[in-house]
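Please work through the exercises below with the sequence and the model open beside you, and attempt each task before reading its solution.

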Amino acid sequence: ENLRVVVAGTGGLSHQMNGERAGYNDTDWDARFLEMIHSDPQALTSMKLADYARLGGTEGAEEIMWLAMRGALSDDVKKLHSAYYLPMTTTMAVALFEEPDASPAGLPA
């Protein structure tokens, strides 16, 4: 069948809710992460959980959940849209990707 499939990944970007860095956000790291999830996800997979916490706060380690979504896509995926908003203590972001052809990643058309 010719199916259209949506893969959703959810998780926080930089934020820390408690401890010495409570209220911490790093908008520069968030922007870099959102670019890397599109263009260089392999580099993100080589990072340790401690790296994510150092860069984005303890709850920022949730970024690894975005990798599950990205792992379902090909290297040639096209970014159609992204948005980023930091209203208070936690970031909201969305990234919309599309495969370059109608066939799922790695499967024949």
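The exercises concern a predicted model, and they go from the whole chain to single residues.

**Exercise 1. The chain as a whole**

Task: Work out which secondary structure elements the chain contains and in what order they run, and then describe its overall dimensions, burial and charges.

Solution: Begin by counting elements, which gives 4 helices and 2 strands, and then follow them from the N terminus, where the order reads α-α-α-α-β-β. Next, take the extent along the principal axes, for which the C-alpha atoms fill a box of roughly 50 × 30 × 20 Å. Of the 109 residues in the chain, 32% are buried, and the accessible surface comes to about 7000 Å², with carbon and sulfur atoms contributing 56% of that area. Turning to contacts between residues at least 6 apart in sequence, one finds that 60% of them join residues at least 24 apart. Finally, the chain has 8 positive and 16 negative charges, and the mean positions of these two groups lie 3 Å apart.

**Exercise 2. The two sides of helix α3**

Task: Determine which residues of α3 are buried, and explain how they are arranged around the helix axis.

Solution: First, locate α3 at residues 49–56 and pick out its buried residues, which are Y52, L55 and G56. Because these residues cover an arc of only 75° around the axis, they fall on the same side of α3. The second step is to find what they pack against, namely α1 (27–39), α2 (41–45) and α4 (64–71). On the face turned away from this buried side, α3 carries the exposed residues A50 and R54. As a last step, look just past the end of the helix, where G57 takes a positive phi of about 85°.

**Exercise 3. Two salt bridges**

Task: Find the 2 salt bridges of the structure, and decide for each what it connects.

Solution: Recall the general principle that side chains of opposite charge can pair when their charged atoms come close. Here, the side chains of E35 and K79 meet in a salt bridge at 3.7 Å, N to O. Since E35 lies in helix α1 and K79 in strand β1 (residues 78–85), this pair ties together parts that are 44 residues apart in sequence. Both partners are partly exposed, E35 with a relative accessible area of 39% and K79 with 25%.

The other salt bridge joins D51 and R54, whose closest N and O atoms are 3.6 Å apart. These two residues are 3 apart within helix α3, and so are separated by about one helical turn. D51 counts as partly exposed, at 23% relative accessibility.

**Exercise 4. A buried charge and an exposed glutamine**

Task: Establish which side chain of opposite charge is nearest to E63, and then set out where Q42 lies and how it is placed relative to D75.

Solution: Place E63 first, in the loop between α3 and α4. E63 is buried yet has no salt bridge, and the nearest side chain of opposite charge, that of R32, is 9.4 Å away; a salt bridge would require a nitrogen-to-oxygen distance within 4 Å. Leaving aside residues up to four places away in sequence, E63 touches G12, L13, S14, W29, D30, F33 and Y52. Among these contacts, Y52 is also one of the buried residues of α3.

Q42, for its part, sits in helix α2 and counts as exposed, because its relative accessibility is 60%. Although Q42 and D75 are 33 residues apart in sequence, their C-alpha atoms are 9.7 Å apart in space.

Technical notes: Residues numbered from 1 in each chain as written. Predicted model: local features only at pLDDT ≥ 70, side-chain atom pairs only at ≥ 80, totals over all residues. Heavy atoms only, no water. Buried < 20%, exposed > 50% of the residue type's maximum accessible area, 1.4 Å probe, protein only. Contact = heavy atoms within 4.5 Å. Areas by Shrake-Rupley, 256 points an atom, 1.4 Å probe, with all protein chains shown as cover. Lys, Arg positive; Asp, Glu negative; His and termini not counted. Charge placed at Lys NZ, Arg CZ, Asp CG, Glu CD. Arc of directions from axis to C-beta.
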